[in-house]
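Visitor: I would like to be walked through this structure, one question at a time. Where do we start?

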Amino acid sequence: MRFWELKEKEVINCKDGKRLGYVADLEFDPLSGKICRVYVPGPGKFCGCFGKTAEYVIGWNQIVRIGTDILLVDIDVKNAYVKVKE
């Protein structure tokens with residue numbers, strides 16, 4: 001699977017069925033080459049339009065299943081929601 005294919009998948013949390021958004025970035029370990037985390041932008045400041053103040057940081061081990069259209073994750077939203085450094 002290529003990165004652009006992963007970016008087209010909608011991320012959904014299995015715990016509450018909430019749609020989190022789409023994959024924006026990946027973090028990988030340069031020594032092993034394995035993906036460590038997936039980043040999904042959080043909701044915008046005003047009506048989802050004017051910038052992002054936080055993002056969801058999802059560990060690779062928290063991904064339950066990768067389907068044709070969606071990425072199912074099992075996360076605690078409060079712990080995965082992190083403010084973006086400006």
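Visitor: How many helices and strands are there in the protein chain?
Guide: This is a predicted model. From the N terminus on, the elements run α-β-β-β-β-β-β-β-α-β. In total the protein chain has two helices and eight strands.

Visitor: What share of the residues of the protein chain counts as buried?
Guide: A residue is called buried when its relative accessible area is under 20%. The accessible surface of the protein chain comes to about 6,200 Å², and 53% of that belongs to carbon and sulfur atoms. Of the 86 residues, the share that counts as buried is 29%.

Visitor: What is the order of the strands in the open sheet?
Guide: The sheet has four strands with mixed pairing. Its twist averages 25 degrees from one strand to the next. The order is E2-E1-E7-E6.

Visitor: Which strands stand at the edges of the sheet?
Guide: A strand at the edge has a single partner strand, so one side of it is left without a neighbour in the sheet. That describes the strand at 19-22 and the strand at 63-66. These are E2 and E6.

Visitor: In which sense does E1 pair with E2, parallel or antiparallel?
Guide: E1 and E2 form a hairpin with five residues between them, and Gly-17 in the turn has a positive phi of about 75 degrees. Across the pair, Ile-12 stands opposite Arg-19, and Val-11 has Gly-21 as its bridge partner. The two strands pair over three bridges, and the sense is antiparallel.

Visitor: And in which sense does E1 pair with E7, parallel or antiparallel?
Guide: Glu-10 has Ile-70 in E7 as its bridge partner, and Asn-13 stands opposite Val-73. Residue numbers rise along both strands between these two pairs, from Glu-10 with Ile-70 to Asn-13 with Val-73. E1 (residues 10-13) and E7 (residues 70-73) pair over four bridges, and the sense is parallel.

Visitor: Which residues of E1 point the other way from Glu-10 and Ile-12?
Guide: In a regular strand, side chains alternate between the two faces of the sheet. In E1, Glu-10 and Ile-12 share one direction, and the residues on both sides of the strand are buried. Pointing the other way are Val-11 and Asn-13.

Visitor: Which residues touch the most other members of the largest nonpolar core?
Guide: In soluble globular proteins, nonpolar side chains tend to be buried together. Here the largest nonpolar core has 14 residues, and E4 (35-41), E5 (54-59), E7 and helix H2 (77-80) each supply at least two of them. One member, Val-11, has contacts that include Leu-20, Val-40, Ile-58 and Val-73. Those that touch the most other members are Val-11, Leu-20, Val-40, Ile-58 and Val-73.

Visitor: Is Asn-13 buried or exposed?
Guide: Asn-13 lies in strand E1. Its relative accessibility is 1%, and the cut-off for buried is under 20%, so Asn-13 counts as buried.

Visitor: Which residue has its backbone oxygen 3.1 Å from a polar atom of the side chain of Asn-13?
Guide: Asn-13 touches several residues that are more than four places away in sequence, among them Lys-18, Leu-20, Val-73, Asp-74 and Val-77. Another residue that Asn-13 touches is the one with its backbone oxygen at 3.1 Å from that side chain, and this is Ile-75.

Note on methods. Residues numbered from 1 in each chain as written. Predicted model: local features only at pLDDT ≥ 70, side-chain atom pairs only at ≥ 80, totals over all residues. Heavy atoms only, no water. Pairing = 2+ DSSP bridges. Axes fitted to C-alpha atoms, helices over the stretch in contact; angles between N-to-C directions. Core = buried A, V, L, I, M, F, W, Y, C linked by side-chain atoms within 4.5 Å. Buried < 20%, exposed > 50% of the residue type's maximum accessible area, 1.4 Å probe, protein only. Contact = heavy atoms within 4.5 Å. Polar contact = N/O pair within 3.5 Å; in protein donor to acceptor, adjacent residues only side chain to side chain. Areas by Shrake-Rupley, 256 points an atom, 1.4 Å probe, with all protein chains shown as cover.
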